[in-house]
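Please work through the exercises below with the sequence and the coordinates open beside you. Try each task before reading its solution.

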Amino acid sequence: MMSFSELFASQFMTELVIRALIVGFLVTLCSSLLGVSLVLKRFSMIGDGLSHVGFGAVALAAALNLSGIKLIFSIPIVIVTAFFLLRTGNGGKMKGDSAIAIVSTGAVALGSLLFNMSGQRSTDICNSLFGSASLFTIGNTDLILSIVLSVAIIILFVFFYTKIFAVTFDEGFSKATGIRTNVYNTLLAVLTAVTIVLGMNMMGSLMISALIVFPAMTAMRVCKTFRSVLITSASVSITCFVIGFFAACLLGWQTGACVVTVNLIAFICFSFIGKIRSKSIAKNK
């Protein structure tokens with residue numbers, strides 16, 4: 001446990017905090033934007049399945065003594081899994097939810113065994129699942145890669161905004177008008193996979209998927225249009241991350257658990273506000 005002044009006591013600590021805030025800001029922004037479409041399309045469980053696969057990929061990197069490049073190592077594995085889950089959900093022999101359940105539990109089980117093989121069991125498993133309590137987990141390579149990929153995700157989302165909007169609300173009509181819905185569903189899955197891998201180091205593989213669901217669901221308690229939900233979701237996500245991040249730093253707790261708890265509180269508050277607003281509108285009619 002440390003005080004707020006101790007957190008910025010030296011230039012070295014200040015740089016670590018800023019580094020973590022930059023990565024966290026970008027990851028939470030990407031998660032909140034993608035989460036709105038995923039929740040509306042009922043694809044949010046794909047994020048949960050991919051986060052578990054990410055845990056298995058990190059464990060495999062540790063077993064192969066590749067922890068220094070675990071981010072680069074994990075991204076292709078999670079992307080390939082995203083393709084697989086998307087294909088099974090679109091007419092494969094195995095139902096999508098069944099495939100996600102098998103992949104999720106299998107990846108966590110294998111990941112735990114691989115961590116045993118790497119000789120880094122207790123500490124690495126806890127940090128990988130719930131997020132690290134240390135600021136020293138983001139190296140220069142991870143920082144640069146996170147910034148580049150996060151900016152790329154945001155640019156792609158903005159560039160294909162109208163197509164993503166159409167596919168999100170009426171996939172059948174979009175397909176009839178000539179939009180290649182499979183391409184944009186795949187794009188969403190790939191962008192989600194990359195976002196999850198980028199956020200695992202700080203948030204933990206079990207916690208990162210919550211950043212996809214909570215901000216979107218929170219915004220939907222009070223907002224009714226797609227754009228307003230996107231803006232509110234991004235604002236809530238970033239605010240909750242900053243609060244949870246500093247709480248984790250000051251208390252020495254896991255970052256992921258603190259951030260998700262703050263998101264849960266925000267969801268409860270927005271749900272309460274939404275109910276009050278609905279009752280007020282009903283009375284005025």
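The exercises that follow move from helix geometry to helix packing and then to single residues.

This is a predicted model, in which local features need pLDDT of at least 70 and side-chain atom pairs count only at pLDDT 80 or more, while totals for chains, interfaces and linings use all residues. Residues are numbered from 1 along each chain as its sequence is written, and side-chain values use heavy atoms, with hydrogens and water left out.

**Exercise 1. Compare the span of H13 and of H10 with the expected value, and state what comes just after each helix.**

Helices here are DSSP runs (H or I, at least four residues), numbered from the N terminus. The expected span is 1.5 Å times one less than the number of residues. Helix H13 covers residues 226-251, and its 26 residues reach 37 Å from the first C-alpha to the last, close to the 38 Å expected. Just after H13 comes Gly-252, with a positive phi of about 75 degrees. For H10, the 23 residues reach 31 Å between the first and last C-alpha, close to an expected 33 Å. The residue that follows H10 is Gly-204, and its phi is positive as well, near 90 degrees.

**Exercise 2. Describe how H7 packs on H10, giving the angle, the axis distance and the residues in contact.**

Begin with the axes, which are lines fitted to C-alpha atoms over the stretch in contact, with angles running from 0 to 180 degrees between N-to-C directions. Helix H7 (residues 140-159) and helix H10 (residues 181-203) have axes 10 Å apart and pack at an angle of about 150 degrees. H7 and H10 are therefore roughly antiparallel, a label given to angles over 145 degrees. Their crossing is left-handed, meaning that the near helix is turned anticlockwise from the far one by less than a right angle.

Next, list the contact, defined as heavy atoms within 4.5 Å. H7 contributes Asp-142, Leu-145, Ser-146, Leu-149, Ser-150, Ile-153 and Leu-156, and H10 contributes Leu-191, Val-194, Thr-195, Leu-198 and Asn-201. By class, the residues of this contact divide into seven nonpolar, four polar and one charged; Ala, Val, Leu, Ile, Met, Phe, Trp, Tyr, Cys and Pro count as nonpolar, Asp, Glu, Lys and Arg as charged, and the others, Gly among them, as polar. As general background to such spacings, an α-helix has 3.6 residues a turn, so residues three or four places apart point the same way.

**Exercise 3. Describe the contact of H2 with H10, and explain why H10 is largely enclosed.**

The axes of helix H2 (residues 11-40) and H10 come within 9 Å and cross at roughly 145 degrees, and this crossing is left-handed. On the H2 side, the residues that meet H10 are Ala-20, Val-23, Gly-24, Val-27, Cys-30, Ser-31, Leu-34, Ser-37 and Leu-38, and their partners in H10 are Leu-188, Leu-191, Thr-192, Thr-195, Leu-198, Gly-199 and Met-202. The contact of H2 with H10 has ten nonpolar, six polar and no charged residues. As to enclosure, 21 of the 23 residues of H10 are buried, so this helix is largely enclosed by the rest of the structure. Buried means under 20% relative accessible area, exposed means over 50%, and partly exposed lies in between (1.4 Å probe, protein chains only).

**Exercise 4. State which residues of H12 are buried and what covers them, and then examine Ala-210.**

Eight of the eleven residues of H12 are buried, namely Ala-210, Leu-211, Ile-212, Pro-215, Ala-216, Thr-218, Ala-219 and Met-220. Their cover includes H2, H3, H10, helix H11 (205-208), H13 and H14. Ala-210 is found in H12, which spans residues 210-220, and its relative accessibility of 13% makes it buried. Leaving out residues up to four places away in sequence, Ala-210 touches Pro-215 and Val-260. Ala-210 and Ser-32, 178 residues apart in sequence, are 9.9 Å apart in space, C-alpha to C-alpha.

**Exercise 5. Is each of Gly-111, Arg-42 and Asn-65 buried or exposed, and where does each lie?**

Gly-111 sits in helix H5 (residues 96-118) and is buried, with a relative accessible area of 0%. Not counting residues up to four places away in sequence, Gly-111 touches Phe-55, Gly-56 and Ala-59.

Arg-42 lies in the loop between H2 and helix H3 (44-63) and is exposed at 74% relative accessibility. Although Arg-42 is not a glycine, its phi is positive, about 60 degrees. Asn-65 lies in the loop between H3 and helix H4 (70-89) and is exposed at 68%. Asn-65, also not a glycine, has a positive phi of about 60 degrees.

Note on methods: Helices (H or I, at least four residues) and strands (E, at least two) are DSSP runs, numbered from the N terminus. Angles under 35 degrees count as roughly parallel, over 145 as roughly antiparallel, 65 to 115 as roughly perpendicular and the rest as oblique.
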